[in-house]
Amino acid sequence: MTAKDTFHDAVKKALEKDEWKITDDPYFIRTLEMGFYIDLAAEKIIGAEKGNQKIAVEIKSFIATSTTSEFHKAVGQFMNYRLALKNQENDRTLYLAVPKDTHETFFKIPFIQLVVKEYQIKIAVYDPEKEVIVKWEI
């Protein structure tokens with residue numbers, strides 16, 4: 001199991017405020033002889049006829065010295081986790097949780113936007129101080 005990111009609890013509280021029910025913390029998934037720990041799994045009841053919406057969230061704090069290095073690691077993890085989910089639980093959508101400040105600066109760089117678009121990375125922008133989800137980007 002991996003260590004929790006600095007803002008793990010803030011994102012967990014933000015999801016709960018957004019009426020998500022945390023089902024796993026962390027969420028372990030095994031596929032093709034590999035195991036992965038995604039930070040959180042959550043479900044939200046959409047309606048009796050529509051069923052539940054299920055997500056998994058990989059949380060990144062982006063507080064290390066090199067934001068670029070953290071981004072490389074985050075993209076790699078995101079791609080592996082999304083493939084694992086596709087094999088084992090195709091109805092669960094993976095999001096990369098990114099702090100608001102990082103999203104408003106680093107994620108506005110054209111190359112970073114190109115990477116996010118090219119790899120179809122879904123993002124949950126969170127405010128670590130207010131412990132709320134600011135925006136979902138899909």
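Which residues have the most contacts inside the largest nonpolar core?

1. **Main core.** This is a predicted model. Its largest nonpolar core holds 25 residues. I38, F71 and F107 have the most contacts inside that core. At least two core residues come from each of β2, β3, α2 (67–88), β6 (92–99), α4 and β7 (123–127). Helix α2 gives the largest share, with 7 residues. In soluble globular proteins, nonpolar side chains tend to be buried together.

2. **Around I38.** Set aside the neighbours within four places in sequence. I38 is then in contact with P26, Y27 and I29. Its other contacts of this kind are A56, V57, E58, Y81, L85 and L94.

3. **Second core.** There is also a separate core of 15 residues. Among its members are W20, L40, I55 and A124.

4. **The β2–β3 hairpin.** Strand β2 covers residues 27–31, and strand β3 covers residues 34–38. The two run antiparallel and are joined by 5 bridges. T31 stands opposite M34 of β3. The hairpin has 2 residues between its strands. L32 sits in the turn, with a positive phi of about 50°.

5. **Surface patch.** I109, F111 and L114 make a nonpolar patch on the surface. The patch measures about 310 Å². I109 belongs to the loop between α3 (100–104) and α4 (110–118).

6. **Exposure of I109.** Is I109 buried, exposed or partly exposed? I109 counts as partly exposed, because its relative accessibility is 39%. Buried would need a value under 20%, and exposed one over 50%.

Terms used. Residues numbered from 1 in each chain as written. Predicted model: local features only at pLDDT ≥ 70, side-chain atom pairs only at ≥ 80, totals over all residues. Heavy atoms only, no water. Patch = residues over 30% accessible without salt bridge, like charges linked within 9 Å, V, L, I, M, F, W, Y side chains within 5 Å. Areas by Shrake-Rupley, 256 points an atom, 1.4 Å probe, with all protein chains shown as cover. Salt bridge = Lys/Arg side-chain N within 4 Å of Asp/Glu carboxyl O. Helix = DSSP H or I, 4+ residues; strand = E, 2+ residues; numbered from the N terminus. Buried < 20%, exposed > 50% of the residue type's maximum accessible area, 1.4 Å probe, protein only. Pairing = 2+ DSSP bridges. Core = buried A, V, L, I, M, F, W, Y, C linked by side-chain atoms within 4.5 Å. Contact = heavy atoms within 4.5 Å.
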